[in-house]
Amino acid sequence: MTSLKRKLNLAMNTNKKKTDNKVKNVPQLHLTRLGREYFNVSCDKLAKFLLGKVLVHHVEDVLLKGRIIETECYLGGNDKASHSYNGRRTPANEAMYMEPGTAYVYKIYGMYHCFNISSIELGAAVLIRALEPIDGIDKMQDYRSVSRMKMIKTHELCKGPSKLCISMNITKENCNKVDMCNNNNLWIEADDFSDNFQIVNSTRIGIGPTAEEWVNTPLRFYIKDNIHVSKRDREKEKELTIVNEYLIKHI
DNA sequence: AAATCGATGCTCT
DNA sequence: GAGCATCGATTTT
């Protein structure tokens, strides 16, 4: 039943694709955008709630859309893996302290970006780790492929926090500190995607030895059996999965 | 499917 | 100067 809905969505999106590039009247496009009340929740609630929602970026006159498949919590406070550990606050991580729903984009390893969304706690944010490409897939291919010679599989386009930033053309320059509740180029929306999926709760990726005590804390969430997940955890998949308890009906 | 490893330059100490 | 919420290519199961 879920897959049927997915197929319908895919078919609809395929048909719409040609017109997407020509749409000019942006404000009318985000009638289902999520308002402040949806971001004004704790980090772990937001991380689970965002699964299945759609990230939208309007850039270079193209509408890019991807469904959120995988998220992680960065809590601040005593979370040593967080940029805001122990209240650390610098110009670079200022967005983590801004209004819930503010985009936090930072540069990593000198050449990549990661995209986060601020939650209600001071200094906390949700990292988006994977998307299912929905709209503007050709353009995503362009952004990912330096030369047109190499074709990237659609399910590989946004399989990783920095891959999705490249595909969605998200940079520190164009998205950091953007209020996603009040911006015409960047927002989250809900559609009629099935809410029957199960959520796997696993450990975060890339936590170094300096945050050893947090390595095993399960602060990563992803949609079970979804091919866009950046790294599966087969052991955690055997455990009781979380039922999506933060549903909203938007349309 | 998983593990290894080098590239690369920003940010903070 | 050290560390890094990663990627891509390559090698090994």
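This report describes a predicted model of a protein with DNA, taking the DNA contacts, the salt bridges and a surface patch in turn.

## Surroundings of DNA strand C

Around DNA strand C there are 20 residues, of which Tyr106, Tyr109, Asn116, Lys163 and Thr210 come nearest. Of the atoms of DNA strand C that come within 4 Å of the protein, sugar and phosphate account for 53%.

Phosphate oxygens of DNA strand C are approached by side-chain as well as backbone atoms of the protein. In the case of Thr210, a polar side-chain atom lies 2.6 Å from a phosphate oxygen of DNA strand C, and for His83 a polar side-chain atom is placed 3.2 Å from a phosphate oxygen of that strand. Pro161 contributes through its backbone, with an N or O atom 3.4 Å from a phosphate oxygen of DNA strand C. Considered by secondary structure, the elements that give two or more residues to the surface near DNA strand C are S3, S4, S5 and helix H5, the last of these spanning residues 161–167.

## Surroundings of DNA strand B

The residues that surround DNA strand B are Arg88, Thr90, Ala92, Tyr109, Gly110, Met111, Lys172 and Arg234. Sugar or phosphate supplies 67% of the atoms of DNA strand B within 4 Å of the protein, and the rest belong to bases.

Two contacts to bases involve the protein backbone: a polar backbone atom of Tyr109 is 3.4 Å from a base oxygen of DNA strand B, and a polar backbone atom of Gly110 is 3.3 Å from a base nitrogen of DNA strand B. Lys172, by contrast, uses its side chain, where an N or O atom is 2.6 Å from a phosphate oxygen of DNA strand B.

## A nonpolar patch that includes Tyr109 and Met111

Tyr109 and Met111, both among the residues around DNA strand B, also belong to a nonpolar surface patch of about 470 Å², which they make together with Tyr112 and Ile166. Met111 is located in the loop between strand S3 (103–108) and strand S4 (112–118). Its relative accessibility is 60%, and Met111 therefore counts as exposed, the cut-off for that class being over 50% with only the protein chains considered.

## Arg129 and its network

Which residue forms a salt bridge with Arg129, with the closest N and O atoms 3.0 Å apart? The partner is Glu70, and the pair links distant parts of the chain, since Glu70 is in strand S2 (residues 62–74) and Arg129 in strand S5, 59 residues apart. Both Glu70 and Arg129 are buried; for Arg129 the relative accessible area is 8%, and it is classed as buried because this value is under 20%.

Strand S5, in which Arg129 has its place, covers residues 125–135. The side chain of Arg129 is also joined to that of Ser230 by a polar contact of 3.1 Å. With neighbours within four places in sequence left aside, the residues in contact with Arg129 include Glu72, Cys158, Lys159, Gly160, Pro161, Leu164 and Arg220. Among these contacts, Pro161 is the residue with a backbone N or O atom 3.4 Å from a phosphate oxygen of DNA strand C.

## Further salt bridges

The structure holds 13 salt bridges. In general, side chains of opposite charge can pair when their charged atoms come close. One of the salt bridges is formed by Asp44 and Lys48, whose closest N and O atoms are 3.8 Å apart. Because Asp44 and Lys48 are 4 residues apart in helix H3 (residues 43–49), they are separated by about one helical turn. Asp44, at 31% relative accessibility, counts as partly exposed, whereas Lys48, at 9%, counts as buried.

In another salt bridge, Glu237 pairs with Arg232, and the closest N and O atoms are 2.7 Å apart. Here Glu237 counts as buried at 11% relative accessibility, while Arg232 counts as partly exposed at 43%. Elsewhere, salt bridges that share partners join Glu70, Glu72, Arg129 and Arg220 into one network.

## Glu189 and Lys65

Glu189 is found in strand S6, which comprises residues 186–189. At 7% relative accessibility Glu189 counts as buried, and its side chain makes a polar contact of 2.7 Å with the side chain of Lys65.

Conventions
Residues numbered from 1 in each chain as written. Chains lettered and ligands numbered in written order. Predicted model: local features only at pLDDT ≥ 70, side-chain atom pairs only at ≥ 80, totals over all residues. Heavy atoms only, no water. Patch = residues over 30% accessible without salt bridge, like charges linked within 9 Å, V, L, I, M, F, W, Y side chains within 5 Å. Areas by Shrake-Rupley, 256 points an atom, 1.4 Å probe, with all protein chains shown as cover. Salt bridge = Lys/Arg side-chain N within 4 Å of Asp/Glu carboxyl O. Buried < 20%, exposed > 50% of the residue type's maximum accessible area, 1.4 Å probe, protein only. Polar contact = N/O pair within 3.5 Å; in protein donor to acceptor, adjacent residues only side chain to side chain. Contact = heavy atoms within 4.5 Å. Near = heavy atom within 4 Å.
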